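Here is a short tour of a protein model, written for someone who likes to check contacts and surface areas directly. Please keep the viewer open as you read.

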Amino acid sequence: MTDRPLPIAAPAQPAKRTAPAAMSPLEALGAELGAIAAQIDRETRLRLDAGLAEIRRVTSEMELRFERLERALLDSVAVVEPSKAAEPTKADKPRVRVPAGSARP
């Protein structure tokens, strides 16, 4: 080995693909792995995009349902009269057992 610096080569021209037989086995392996990695990348992006779209759809549906529920609740509260809202209904009153033989109030 010598201590001389290696010469700087001119920028390489893009490799022209001729026939697969012209590539060395390592180049063929590298090309195949590159193609597989690109396919995995594309498929992963598509799946993530589809998952995000589904999450956005479900979130939008939930927001719409909450808005409808809120509107229905506000409409129901607006219908109730304030004077009747404070009075307990017959169903709300506790049942009192009257012992047998005593007079009912």
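The report below goes from the overall fold to the surface and then to individual side-chain contacts.

## Overall picture

Please bear in mind that this is a predicted model. Its chain has two helices and zero strands. Helix α1 covers residues 25-79, and the contacts discussed below involve residues of that helix.

How much of the chain counts as buried? Of its 105 residues, the share is 0%. Buried here means under 20% relative accessible area, so you will meet the words "exposed" and "partly exposed" in what follows. The chain exposes about 10,900 Å², and 62% of that area is supplied by carbon and sulfur atoms.

## A nonpolar patch

Which residues form a nonpolar patch on the surface? They are Leu26, Leu29, Leu33, Ile36 and Ile40. Together these five side chains' residues have about 510 Å² of accessible area. If you want a place to start looking, leucine 33 lies in helix α1.

Ile40 also turns up in another contact. The backbone oxygen of isoleucine 40 is reached by the side chain of threonine 44, at 2.7 Å. Threonine 44 is itself found in helix α1, and its relative accessibility of 38% makes it partly exposed.

## A salt bridge between Asp41 and Arg45

Now for the charged side chains. Side chains of opposite charge can pair when their charged atoms come close. In this model the count comes to three salt bridges.

One of them joins aspartate 41 and arginine 45, with an N to O distance of 3.2 Å. Why can these two be described as one turn apart? Because they are four residues apart in helix α1, their separation is about one helical turn. Arginine 45 has 53% relative accessibility, so it counts as exposed. Aspartate 41, by contrast, is partly exposed, with a relative accessible area of 37%.

## A network around Arg57

Which residues are linked in a network of salt bridges? The members are Glu54, Arg57 and Glu61. Arginine 57 pairs with glutamate 54, where the closest N and O atoms are 2.5 Å apart. Arginine 57 also pairs with glutamate 61, and there the closest N and O atoms are 2.6 Å apart.

The spacing along the helix is worth tracing in the viewer. Glutamate 54 and arginine 57 are three residues apart in helix α1, which means a separation of about one helical turn. Glutamate 61 and arginine 57 are four residues apart in helix α1, again about one helical turn.

Are the members of this network exposed or partly exposed? Arginine 57 is partly exposed, with a relative accessible area of 40%. Glutamate 54 counts as partly exposed at 38% relative accessibility, and glutamate 61 is partly exposed as well, with a relative accessible area of 39%.

Key. Residues are numbered from 1 along each chain as its sequence is written. This is a predicted model: local features need pLDDT of at least 70, side-chain atom pairs count only at pLDDT 80 or more; totals for chains, interfaces and linings use all residues. Side-chain values use heavy atoms; hydrogens and water are left out. Buried means under 20% relative accessible area, exposed over 50%, partly exposed in between (1.4 Å probe, protein chains only). Accessible areas come from the Shrake-Rupley method with a 1.4 Å probe; for residues, only the protein chains shown count as cover. Patches are made of residues with over 30% relative accessible area and no salt bridge: like charges are joined within 9 Å, nonpolar side chains (Val, Leu, Ile, Met, Phe, Trp, Tyr) within 5 Å. A salt bridge is a side-chain nitrogen of Lys or Arg within 4 Å of a carboxyl oxygen of Asp or Glu. A polar contact is a pair of N or O atoms within 3.5 Å; within protein, one must be able to donate a hydrogen and the other to accept it, and residues adjacent in sequence count only if both atoms are side-chain atoms.
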